[in-house]
Amino acid sequence: MTTVLVVYGSRHGGTKGIAERIGEVLRAEGLGADVVPADRTGNIQTADAFVVGSGVYMGSWLKEPVQFLERSAATLATRPVWLFSSGPLPGSSKDTDADPLTNALGPADGPGSGGHKTILELAASIHPRDHRVFLGAYDPSDPPRALSERVVRMMPASKDLLPAGDFRDWDNIEAWARGIAASLAPTSVPA
């Protein structure tokens with residue numbers, strides 16, 4: 001049985017929920033799927049494929065999934081890999097016509113490009129099959145977990161930039177996971 005390791009970094013649980021749903025779909029499609037936080041992956045050598053995702057905060061992935069990609073690059077380069085970013089909220093980007101990755105991680109060059117450059121450099125070494133961006137969820141009653149979150153929430157414009165709600169598109173997430181499963185299904189050779 002093909003085994004997929006679904007690795008995630010999540011600060012408030014939204015990305016964890018996406019990773020868990022991806023794992024559920026993969027298992028329903030007949031694959032083995034383990035869903036683990038990026039800082040608790042253990043031995044990854046037994047996995048046949050990987051789905052790696054992170055919540056995006058201020059244009060950057062969380063450090064744990066970035067560190068997982070860095071330390072596992074040699075293994076990931078030899079296996080099928082899919083990446084996902086989660087966390088943009090509707091209206092949180094100035095340029096909604098840009099590609100979703102740019103909306104989530106900022107520009108590929110120039111000011112504010114650090115998060116995007118980091119992921120592009122890592123992707124160049126592991127060659128993911130896809131990098132999907134999913135909208136996130138925001139609950140203003142869930143306390144901030146980092147100084148940057150505290151600062152953003154204190155800004156008067158944050159109420160307009162951070163709409164409260166769960167914007168995760170479960171149908172889209174499940175369809176993407178089914179596509180991953182289909183690409184990993186063994187092909188039968190006619191007799």
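1. Helix 1 covers residues 14-28 of this predicted model. At 1.5 Å a residue, its 15 residues should span 21 Å, and its end C-alpha atoms are 21 Å apart, so the expected and computed lengths agree. Just after helix 1, Gly30 has a positive phi of about 95°.

2. Which residues of helix 1 are buried? They are Gly14, Thr15, Gly17, Ile18, Ala19, Ile22, Gly23, Val25 and Leu26. An α-helix has 3.6 residues a turn, so residues three or four places apart point the same way. The buried residues of helix 1 pack against several strands, namely strand 1, strand 2, strand 3 (49-57), strand 5 (81-86) and strand 6 (130-134), and also against helix 7 (170-184).

3. Helix 1 also links two paired strands. Strand 1 (residues 3-9) and strand 2 (residues 32-37) are parallel and pair over six bridges. One bridge sets Tyr8 opposite its partner Pro37 in strand 2. Between these strands the chain passes through helix 1, and the resulting β-α-β crossover is right-handed.

4. Strand 5 has parallel partners in strand 3 and strand 6. Six bridges join strand 5 to strand 3, and five join strand 5 to strand 6. Trp82 in strand 5 is the bridge partner of Val51, and the bridge partner of Trp82 in strand 6 is Asp130.

5. How many of the six residues of strand 5 are buried? Six of the six are. Val81, Leu83 and Ser85 point one way, while Trp82, Phe84 and Ser86 point the other way; all are buried. Burial in strand 5 is therefore found among the residues pointing either way, each with under 20% relative accessible area.

6. In soluble globular proteins, nonpolar side chains tend to be buried together. Here the largest nonpolar core has 24 residues, and the members that touch the most others are Phe50, Val52, Trp61, Phe68 and Leu69. Two or more residues come from each of strand 1, strand 3, helix 2 (63-76), strand 5, helix 3 (100-105) and helix 4 (114-126). Helix 2 contributes the most, with five residues.

7. What does Phe68 touch, leaving out residues up to four places away in sequence? Its contacts are Val7, Ala38, Thr41, Ile44, Phe50, Val52 and Leu76. Apart from the core of 24 residues lies another, of 21 residues, which includes Val4, Ala19, Ala33 and Ile180. Ala19 is also one of the buried residues of helix 1.

Key: Residues numbered from 1 in each chain as written. Predicted model: local features only at pLDDT ≥ 70, side-chain atom pairs only at ≥ 80, totals over all residues. Heavy atoms only, no water. Pairing = 2+ DSSP bridges. Helix = DSSP H or I, 4+ residues; strand = E, 2+ residues; numbered from the N terminus. Right-handed = clockwise from strand over helix to strand, strands pointing away. Expected span 1.5 Å × (residues − 1). Buried < 20%, exposed > 50% of the residue type's maximum accessible area, 1.4 Å probe, protein only. Contact = heavy atoms within 4.5 Å. Core = buried A, V, L, I, M, F, W, Y, C linked by side-chain atoms within 4.5 Å.
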